[in-house]
Structure formats: C-alpha cells, structure tokens
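Please work through the exercises below with the sequence and the structure at hand, and try each task before reading its solution.

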Amino acid sequence: MCRIEKWLHKHVPEMIDLFVTPLCTVLATAFLTLGLIGPVFSMAETYVLDFAGWIITVGHGIGAMIMGALYPLTVVCGIHHMYNVIEAGMLSAADGQNIWMPIASAANFAQGAACLAVGLKARKLKTKSVAIPSSLSAALGITEPAIFGVNLRFTRPLICGMAGGAAGALLGSLFHIGATSYGVTGIPGFLITLDYTVQYAIVLIVSFAVAFVLTWFLWKEETEETENGGMDKGAVTEDAAKEEVEASSAGSGEKVLFAPLKGNIIKREEIPDETFASGMLGDGVGIEPEEPEVVAPFDGEISSVADTFHAIGITGPGGMEVLIHVGVDTVNMKGDGFELFVAEGDKVKAGQKLIGFDMEKIKAAGYCATTAVLLTNSDDYTEFRVVKYGKTDKMEKLLEVET
C-alpha cells in the first residue's frame, strides 16, 4: 500500500493528488484484499477447520491428544476463534454435544499451570508480577497474557503446557465429555459440563499437574549478566560509605548489601506480612524505620518501581536482585505519603536517595511502616548471611552473600 501511494504521489499532478492518491490506493488495496488475499486465507482456514474437525474424531483419543498439544500454537497465530465454527456445528448435530470444548479447556488450563510454575519459581520481581496474574486469567479461559507474556517468551513452559494439554485432552476424549454450549473454558467450563462434573474436574487436574510439574523441573531462570559481563567475581560497590568492607570483599566471591535506611533490624520471620515472612519472595530482613528515607544499598540499576511509590527493585553486583518494600499493605495508600526520586532503568550509586515517605501518614492510615529488604534471588548463592540485627544506621553492612 505504501509503495502504491509513493508512486502515485510522484506521478499524479499536485492539483488532484489529495483526491486521486487516497482513492486509488484504497481501491487497489481493496481489490488485492478481496480478490486475492481474502480467498487464499479463506481457503486455508477451511482446510484447517476440516483438519481439526477430522482429527478430533480419530479413535482412542489420539486425535484429541494431538489437538490438545497444538491448540496453544493456534492461539499464537491468532486463529483459535475459528474453532467456534466447529463447536457450533457439533451443537447443531443430532446429539448436540460439543466435544471440542474439553480439548480447548485442557490446553488453556495447562498453559496457566505452566505460567504459574514460572511465577512461583522465578526470582525476578518483574517475572513474578507478570506470570502469577496471567496464570489466574488462564484458569478462567483467557490465555493470551500467559502465552505471550511468559510461556512463549521462555519456550520451555509453552512446551510443558502443550504436554499437559495433550494429557488432559486425551482424558477428555476417553471420558466422552460433551459441553452444552461454547465460548468458555477453564473453571467457567463447569457451567456447560454439568453432566460430566467429576470427569471435567479430573481433566483440569491432570492438565494442571502435568504442565506444572514439567515446568517446575525443566524450566530454569537464566542468570542475567552484570554490567561487567557477569564474570567479575570480585566486583563490589564503588564509592560506598564503608570502604573497609569494600576492601575486604574485593577479589572474592563475597557480595555486600548495605542498610538502605536507619532503624531497627528484625528477622524476616518477624515481618508482620505472611508473604514476606514466609520467604516466598526471597530471604532478607525487616527494618523498623527511624528516618523516612530509603537509599540505594549498593551501586546498581533500578529494575522495577511500584506505581504507588512504596516499593522498588534494584539489581546490583554479582546479579543481586533486591526488593525494598516500605510498610505493610501500604499499596492501599495509593502513593499518598510517598515520594520517588528515581525511575526504572536509572543507574544509582550506593547511598543515593531512592524513596521518601511520611511515617506519620502511614501510621495514621493504620499501617505498619516496617520495611522489607529482601534478596529475591537468594537461592542463587551458596551462602547467605545477615550481618547484624538491632539498631543500624544507613549504609552499615547488612547482608553478605557468596557465590
């Protein structure tokens, strides 16, 4: 279309160019679309539909298993909505049973399970924040966020999800599950499979289990390289407040994280939030702040920033990934009382101011100001040590890890 438009601009007199060029461009494009491209793709769609309709009738559930595995690939290509034609045809037949729905449901639920496994296993806050919500939407039948945002990106989760979908679709065929409508899959699918509630539940459970377990054991999060290429084992924070600690760490695999705020250090298990206390987001400590200011615990890069300014992620030496979360449930304050001094992607120096917050506002809102300082990829290190508990000033040595 752009080539036609450029050619016309060169050859059509300027006096009539504004009228002739758009008209001719649209007419030519419409002719190509309706006369050539449209019929070709329409024929291709017909062949795909015929193939899908035939293969799911192949005996012993083999065809259903194949389509259960291939279904996510049709989602990637954006042609999965055409299956509504097959489902409508099945419902209009004599028995009125939609046997395609369990196949699609198994495939979708399996992709959600694979995505959830990634979300729970990943150490990067960004990956978790995308994967876990996407897995929930997949369980309700909307798989695009899980497939495009997570599984396709990492490849192995997509393949593991395909395996789970194949297993679930096979069972669905062997159980002869038939739906009474179409348009919904996953958990809402129970509404249209009332005569097969137990069998449908088994299909979802098997799809979920196969995809989740395979992803958990076969997918591994890649370790990102540091700014120095990820090879400098002796890299430590420069220009930090504690030069003596730098010197002792240089030339070894030891990495140091300094206290990002002044206050009282408590054990991670004592943080009054189950998510942080359980270690689900990594090991670390809590700090009961005495001053309303958070500074960078090392030289690094801001990897994530909460929209409400109460939490920040920072990546530093040796690939250390740290989450600093000011307060418990302070996300509900929607940024009131918080001030952010950096943006995602900024390079920061140890001791540089990151967040300012109003402790009185946090207290008045009924929330606890205890700040979680967590190394989200603590499992990547052979040794993790909390240097001290109790009173600390900013930039005092807080955590040590060894590779």
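A crossing of two helices is called left-handed if the near helix is turned anticlockwise from the far one by less than a right angle, and right-handed if the turn is clockwise. The model used here is a predicted one.

**Exercise 1. Describe how helix H5 and helix H9 pack, and state which hand their crossing has.**

Step 1. Two packed helices are described by the angle between their axes and the distance between the axes.
Step 2. For H5, which covers residues 101-121, and H9, which covers residues 197-218, the angle is about 35° and the axes lie 8 Å apart.
Step 3. The crossing of H5 and H9 is right-handed.
Step 4. Sorting the residues of the contact of H5 with H9 by character gives 18 nonpolar, three polar and one charged.

**Exercise 2. In the open sheet of three strands, find the strand order and explain why one side of S1 and of S12 has no neighbour in the sheet.**

Step 1. The order is S1-S14-S12, and the pairing is antiparallel.
Step 2. Strand S1 (254-258) and strand S12 (383-386) stand at the edges and have a single partner strand each, so one side of each remains without a neighbour in the sheet.
Step 3. From one strand to the next, the twist averages 15°.
Step 4. The pairing of S12 with S14 (residues 397-402) is antiparallel and runs over four bridges, and Phe384 stands opposite Val401 in S14.

**Exercise 3. Determine which strands pair with S3, and how many of the residues of S3 are buried.**

Step 1. Taking buried to mean under 20% relative accessible area, one finds that five of the seven residues of S3 (residues 283-289) are buried, and the strand is thus mostly covered.
Step 2. Strand S2 (residues 263-267) pairs with S3 in the antiparallel sense over five bridges, and Gly263 stands opposite Pro289 in S3.
Step 3. S3 also pairs with strand S11 (residues 371-375), in the antiparallel sense and over five bridges, and the bridge partner of Val285 in S11 is Val373.

**Exercise 4. Characterise the second largest pocket by its volume and its lining.**

Step 1. The volume of the second largest pocket is about 460 Å³.
Step 2. Its lining consists of 23 residues, and those nearest the centre are Leu125, Phe276, Leu281, Leu323 and His325.
Step 3. At least two lining residues are supplied by each of helix H6 (125-139), helix H11 (274-277), strand S5 (300-305), strand S6 (311-315) and strand S7 (321-325), with H6 giving the largest share, five residues.
Step 4. By character, the lining of this pocket divides into eleven nonpolar, seven polar and five charged residues.

Note on methods:
Residues numbered from 1 in each chain as written. Predicted model: local features only at pLDDT ≥ 70, side-chain atom pairs only at ≥ 80, totals over all residues. Heavy atoms only, no water. Pairing = 2+ DSSP bridges. Axes fitted to C-alpha atoms, helices over the stretch in contact; angles between N-to-C directions. Nonpolar A, V, L, I, M, F, W, Y, C, P; charged D, E, K, R; others polar. 1 Å grid on protein atoms, 1.4 Å probe; cavity = no way out; pocket = protein on both sides within 12 Å on 5 of 7 lines; lining within 4 Å. Points joined across faces, edges and corners; volume = space filled by probe spheres on them. Buried < 20%, exposed > 50% of the residue type's maximum accessible area, 1.4 Å probe, protein only.
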